[in-house]
Amino acid sequence: MAKITLSNLRHSYYPNPSKPDDYALKHLDLSWEDGGAYALLGPSGCGKSTLLNIISGLLVPSEGKILFDDKDVTHLKPAERNIAQVFQFPVIYDTMTVFDNLAFPLRNRQVDEATVKSRVEAIADMLEVTDMLGTKAAGLSPDNKQKISMGRGLVRDDINVVMFDEPLTVIDPHLKWKLRSKLKELHQELKATMIYVTHDQTEALTFADQVVVMQEGEVVQIGTPVELFERPTHTFVGHFIGSPGMNILPCEVSGGKAMFNGQSITLEGEIEAGEGKSNEIGIRPEHVTIADNGLEAVVSKVSDVGRHNVVEAMVGGTKVASITEESAPNLGESIHLQFDPAKTRLYRDGWIATKSAGA
Ligand SMILES: Nc1ncnc2c1ncn2[C@@H]1O[C@H](COP(=O)(O)OP(=O)(O)OP(=O)(O)O)[C@@H](O)[C@H]1O
């Protein structure tokens, strides 16, 4: 396994890019530590596949370098990079047994049969497919086929990184969580560097220790799932992560105070110096409470989502969502909302602009 460094990386599919929008990857400078479990999360078109193809060697970036440890691999072919990839659709040989499928990447590299046997048996044990080793792959269910595909990606112990590209796409929703937790377990046992590409926040947050969130060809935040939830550094992350996402409320800033709907809102800390085109308050629905006093609001929607209710209420012309475990108010009812000051951030032109509490 290796540390992977992307240094000053940019990529455009155009021959003569001139403006930022000509770049599928605008500027990337980041390191994936040896043995880390990473997710690359972002909506369709944000540049995930482009980045994956650059790491695997299918694409040469327009600018910048890729290093595996200290070795510059920018111009090495995929086969020279020692990478394993697991794709959306299972890549296995139907006519071979499960054992032979798992053994394939090892035999391909002339690994001796005793090692093949012990490695395949160990991976099969971790994946809980030992009883299928003698079965032809053709008869397997789609989720078992994808498990074997994952096993093929994980069976070699000499690879630099295992990359999973939306690996649960074809899996039945009720089996997804099983494979997701299996993958997490495998990471803990194998300690391989893994990059999991997805547009699904649940998959990213359950698998990864560090999540890299991308938007429009740029990384907007790298952090643990808790960091992304607790203190998004960009409104995109606040909105994209969470269910429902963070409330992003237009506000005015004057005299170091944020005014929302004519009322001063206490923030987590001081507002950073600077100017911007737009100011917004970010507060998660989990940190908005219905109280006896506070911002006046009128309930516009109530959704019972099982463990709790999501209450949407209009404060002037702006919708604010809150999550409550208590009985929900009625539609049209006048209520008061309070924001937890320690969790209320100011965003300027999308980027966080409050000093964190204690800073
Ligand atoms: N071969 C190509 N030629 C031109 N533009 C491309 C090509 N491949 C991707 N793009 C553009 O580059 C940007 C990033 O695309 P990319 O496929 O990397 O995003 P993604 O996040 O992987 O999306 P998805 O999840 O839909 O695959 C998009 O604007 C896309 O239209």
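**A quick tour of the fold and the ligand site**

The protein chain here has eight helices and 22 strands. Keep in mind that this is a predicted model. Measured out along its principal axes, the C-alpha trace spans about 75 × 50 × 35 Å.

**The chain as a whole**
- Of the 359 residues in the protein chain, 39% are buried.
- Take the contacts in the chain with a separation of 6 or more: 67% of them come from residues 24 or more positions apart.

**Helices α3 and α4**
- Helix α3 covers residues 113-127 and helix α4 covers residues 142-154; their axes come within 10 Å and cross at roughly 135 degrees.
- Angles from 115 to 145 degrees count as oblique, so α3 is oblique to α4.
- The crossing of these two helices, α3 and α4, is right-handed.
- On the α3 side, Ile123, Ala124 and Leu127 make the contact, and they meet Lys147, Gly151 and Leu154 of α4.
- Sorted by class, that contact between α3 and α4 has four nonpolar residues, one polar and one charged.

**Helix α2**
- Which residues of helix α2 (residues 98-107) are buried? They are Val98, Phe99, Asn101, Leu102, Ala103 and Leu106.
- The cover over the buried residues of α2 includes α3 and α4, the pair you just met crossing each other.

**Around the ligand**
- The residues around the ligand include a run from Ser44 through Gly45, Cys46, Gly47, Lys48 and Ser49 to Thr50.
- Tyr13, Ala24, Gly42 and His199 are also around the ligand.
- By class, this shell has three nonpolar, seven polar and one charged residues.

Notes. Residues are numbered from 1 along each chain as its sequence is written. This is a predicted model: local features need pLDDT of at least 70, side-chain atom pairs count only at pLDDT 80 or more; totals for chains, interfaces and linings use all residues. Axes are lines fitted to C-alpha atoms, for helices over the stretch in contact, and angles run from 0 to 180 degrees between N-to-C directions. Helices (H or I, at least four residues) and strands (E, at least two) are DSSP runs, numbered from the N terminus. Angles under 35 degrees count as roughly parallel, over 145 as roughly antiparallel, 65 to 115 as roughly perpendicular and the rest as oblique. A crossing is left-handed if the near helix is turned anticlockwise from the far one by less than a right angle, and right-handed if clockwise. Two residues are in contact if their C-beta atoms, placed from the backbone, lie within 7 Å. Ala, Val, Leu, Ile, Met, Phe, Trp, Tyr, Cys and Pro count as nonpolar, Asp, Glu, Lys and Arg as charged, and the others, Gly among them, as polar. A residue is near a molecule or strand if its C-beta atom, placed from the backbone, lies within 6 Å of it. A residue is buried if 20 or more other C-beta atoms lie within 10 Å of its own, exposed if 12 or fewer, and partly exposed in between; C-beta atoms are placed from the backbone.
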